[in-house]
Amino acid sequence: MKLVRVKVHNFRGYNDAEVNIDDQMTTIIGKNDVGKSTIVDALEIFFNNSVVKIDKNDLNIHAENDQSVSISCEFSCLPQNIIIDSTQRTNLNDEYLVNSNGNLEIKKVYDFSKKTITPEIFAITKYPDNPELADLLYLTHTKLVSALKKIA
């Protein structure tokens, strides 16, 4: 997989920022104190959270009601097949795990209004929009069969 986009929200000096990474981008260039290291630190927090650890001081000072920081990474060049158990092969697209660009996008949200700061992790996806199936993930087997009969 290849990292193609990084998004940050309420992180340090950035209210909202998006950095697109293409095949030619290997460095981040800019004047002193414009936020280059902040993007690199966001990546460290997203992938490791060990060299740079997120803390309350990372929350943007202009974040008023929203006391959370989010860091998203979007990946292209996804694997053709994934195995969800020992016998079933599938792919991220068929599992509705890709965004509107056809990429895998993972978002980590750090909520500083809570006592313990652990990230909530989300996959940003383009999921089918069918009101009859809105609660699909929460249905029992019997109710799944009933829902299938309604739409089939």
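Buried here means under 20% relative accessible area, exposed means over 50%, and partly exposed is whatever falls in between (1.4 Å probe, protein chains only). By that yardstick, 32% of the 152 residues of the protein count as buried.

What you're looking at is a predicted model, in which local features need pLDDT of at least 70 and side-chain atom pairs count only at pLDDT 80 or more, while totals for chains, interfaces and linings use all residues. Residues are numbered from 1 along each chain as its sequence is written, and side-chain values use heavy atoms, with hydrogens and water left out.

**The overall picture**

The protein has two helices and seven strands, and reading along the sequence gives β-β-α-β-β-β-β-β-α. Helices (H or I, at least four residues) and strands (E, at least two) are DSSP runs, numbered from the N terminus.

The radius of gyration is 19 Å, against near 15 Å for a compact globule of 152 residues. That radius is taken over C-alpha atoms, and the globule rule is 2.2 Å times the number of residues to the power 0.38. The C-alpha trace spans about 60 × 40 × 30 Å along its principal axes.

Contact means heavy atoms within 4.5 Å. Take the contacts between residues at least 6 apart in sequence: 58% of them join residues at least 24 apart.

As for the surface, the protein exposes about 10700 Å², with carbon and sulfur atoms supplying 51% of it; accessible areas come from the Shrake-Rupley method with a 1.4 Å probe, and for residues only the protein chains shown count as cover.

**Strand E6 and its partners**

Strand E6 (residues 104–111) is largely enclosed by the rest of the structure, because seven of its eight residues are buried. Two strands pair if DSSP finds at least two bridges between them. E6 runs antiparallel to strand E3 (residues 68–76), joined by eight bridges, and it also pairs with strand E7 (residues 120–123) in the antiparallel sense over four bridges. On the E7 side, Ile106 has Ala123 as its bridge partner. On the E3 side, Ser68 stands opposite Asp111 in E6.

Ser68 lies in strand E3 and is buried, at 13% relative accessible area. Leaving aside neighbours within four places in sequence, Ser68 is in contact with His9, Asn10, Leu59, Val109, Tyr110, Asp111 and Phe112. Ser68 and Asn10 are 58 residues apart in sequence, yet 6.9 Å apart in space, C-alpha to C-alpha.

**Three loop residues**

Tyr96 sits in the loop between strand E5 (89–90) and E6. Again setting aside neighbours within four places in sequence, its contacts are Thr125, Lys126, Tyr127 and Pro128. The C-alpha atoms of Tyr96 and Lys126 are separated by 6.6 Å, with their positions 30 residues apart along the chain.

Then there are two residues with an unusual backbone angle to look up. Arg12, in the loop between strand E1 (2–11) and strand E2 (14–20), has a positive phi of about 50° although it is not a glycine. Asn49, in the loop between helix H1 (36–47) and E3, has a phi near 55°, also positive in a residue other than glycine.

Here is how accessible these loop residues are:

| Residue | Relative accessible area | Class |
|---|---|---|
| Tyr96 | 39% | partly exposed |
| Arg12 | 24% | partly exposed |
| Asn49 | 25% | partly exposed |
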